[in-house]
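Me: I'm new to reading protein models, so I'd like to ask how people decide what to call things. Could we go through this one together?

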Amino acid sequence: MISTEPTARHPEPDHRLALDVRGVTKRFRRRRVPGLARSRRRGVHTAVDDVSFKVDAGEIYGVIGANGSGKSTLIRMLSTLLLPDAGEVYVFGHDAVRRPLAVRPLLNRVSADPSFFRAMSPMENLRFFGRAYGLSGGAVRSRSAAILERLGVDGDKAREPMLHMSRGQQQKVAVARAFLTSPRLMLLDEPTTGLDPRSKRDVQRFVAEVRGEDGVAILLTTHDMEEAELLCDRIAFLAGGRIVAEGTPLDLRKGVAGARPLDEVDMETVFMELTGRDIEEDEEEGPDGNG
Ligand SMILES: Nc1ncnc2c1ncn2[C@@H]1O[C@H](COP(=O)(O)OP(=O)(O)OP(=O)(O)O)[C@@H](O)[C@H]1O
Ligand SMILES: [Mg+2]
């Protein structure tokens, strides 16, 4: 039987904390790949390995890791789409693993490859999703137009079919859709990866402004060190599914710089020294890759 009594090791969840992640773990069975050495063919791969951290209300918390380090798996568990094999997740004090229905109205997520009705325009898509969330037609229309404009999607574009839009523009619509319902916790999985510099800046500016205005807590994954430093109050480095370092960008830099001047130590260097890996290197292609 699962005990729900708080103990010294498992203190009572704090309703003021946006996110309280305790020892979350996810394992996947490895696919069989013909031709690979026997030791790499079978077994279990731990994609997220005993991860714990907390995010305050109104904080932007960054999870930085190379391809395959476990970022999306972590986000899928936090958003209640995937059950952890071990560990606990609390969103504003609500148990996301045992009571996902209590948690879903509090959060929203932008995935790395969002899906839409591509024959419909951004405004039509937002109206559909807004109504599905129970917003009134009028509220959806005014909020959608305002958010799209702030993201730099002009009025004409907002009425064209989405299949005519670039990936950057589609990503902006995904961000608009996620913020339409005013979630208290936003999970952004690489919201700016692959965007042109202009679109990237539009999305970053929007994220920073919304945090300031609405006090929404944001968990953001990225490979982009500049973005992490620009937006995040604290960041965690994820490698091999584990958090190997956590702190403010400045503290992480100072920790690695030692006697060196801070401006000689960029975040790529900090990441490499703390994780022993290159942020651009795909973890699956390493010696222990899971093929
Ligand atoms: N459904 C699944 N079945 C099996 N293995 C999976 C599954 N989802 C993820 N994995 C594996 O778990 C590991 C972490 O994957 P994940 O997608 O979480 O990484 P990521 O950090 O988001 O990478 P990227 O930067 O490429 O998006 C990888 O080895 C991946 O192959
Ligand atoms: Mg991912």
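Me: What makes you say that α6 lies across strands, and which strands are they?

Reply: This is a predicted model, and in it α6 lies across β6, β7 and β8. Contact here means heavy atoms within 4.5 Å. As for direction, α6 runs at about 175° to β6. The angles go from 0 to 180 degrees between N-to-C directions, so about 175° puts α6 close to the opposite direction from β6.

Me: And which strands does α10 lie across?

Reply: That helix lies across β3 (60–65), β9 (234–239) and β10. Its angle to β9 is about 50°.

Me: What order do the strands of the open sheet come in?

Reply: Six strands line up as β6-β7-β8-β3-β9-β10, and the pairing is mixed. Averaged over the sheet and ignoring direction, neighbouring strands are turned by 15° against each other.

Me: Why are β6 and β10 called edge strands?

Reply: Each of them pairs on one side only. In the order of the sheet, β6 and β10 stand at the two ends.

Me: How do you know that β7 and β8 pair?

Reply: Two strands pair if there are at least two bridges between them. Strand β7 (residues 185–189) and strand β8 (residues 217–222) have five bridges, so they qualify, and the sense is parallel. You can look for Leu187 opposite Leu219 and Leu188 opposite Leu220.

Me: What about the other neighbour of β7, how many bridges join β6 to it?

Reply: Four bridges, and these two strands run parallel as well. Here Asn108 has Met186 of β7 as its bridge partner.

Me: What makes β7 count as enclosed?

Reply: Buried means under 20% relative accessible area. Five of the five residues of β7 are buried, so the strand is largely enclosed by the rest of the structure. Both faces are covered: Leu185, Leu187 and Asp189 are buried on one side, Met186 and Leu188 on the other.

Me: Just past β7, is Pro191 buried or exposed?

Reply: Pro191 is in the loop between β7 and α7 (197–214). Its relative accessible area is 1%, which is under 20%, so we call Pro191 buried. Leaving out residues up to four places away in sequence, Pro191 touches Gln171, Val203, Leu220 and Thr221.

Me: Why is Glu190 called buried?

Reply: Glu190 is in that loop between β7 and α7 too. Its relative accessibility is 12%, again under the 20% limit, so Glu190 counts as buried. Glu190 also has a positive phi of about 45°, although it is not a glycine.

Me: Why does Ser182 get called partly exposed instead?

Reply: Partly exposed is the band between under 20% and over 50%. Ser182 has a relative accessible area of 44%, so it falls in that band. You'll find Ser182 in the loop between α6 and β7, with a positive phi near 50° in a residue other than glycine.

Me: What puts Leu262 in the partly exposed class?

Reply: Leu262 has a relative accessible area of 30%, so it is neither under 20% nor over 50%. Its place is the loop between α9 (249–257) and α10 (267–275). Not counting neighbours within four places in sequence, Leu262 is in contact with Leu250, Arg253, Lys254 and Ala257.

Me: Back to the sheet: how do you know that β9 pairs on both sides?

Reply: Pairing needs at least two bridges. There are five parallel bridges between β3 and β9, and five more join β9 to β10, which run antiparallel. Ile235 shows up in both: Gly62 stands opposite Ile235, and Gly247 in β10 is a bridge partner of Ile235. Five of the six residues of β9 are buried.

Me: Which residue takes a positive phi in the hairpin of β9 and β10?

Reply: Gly240 does, near 55°, and the hairpin has two residues between the strands.

Me: Last one: which residues lie nearest the centre of the largest pocket?

Reply: Leu81, Leu107, Asn108, Arg109 and Tyr133, out of 20 lining residues. Elements giving two or more residues to the lining are β6 (107–110), α4 (122–132) and α6 (167–180). The volume is about 470 Å³, and the lining divides into nine nonpolar, seven polar and four charged residues.

Methods
Residues numbered from 1 in each chain as written. Chains lettered and ligands numbered in written order. Predicted model: local features only at pLDDT ≥ 70, side-chain atom pairs only at ≥ 80, totals over all residues. Heavy atoms only, no water. 1 Å grid on protein atoms, 1.4 Å probe; cavity = no way out; pocket = protein on both sides within 12 Å on 5 of 7 lines; lining within 4 Å. Points joined across faces, edges and corners; volume = space filled by probe spheres on them. Nonpolar A, V, L, I, M, F, W, Y, C, P; charged D, E, K, R; others polar. Buried < 20%, exposed > 50% of the residue type's maximum accessible area, 1.4 Å probe, protein only.
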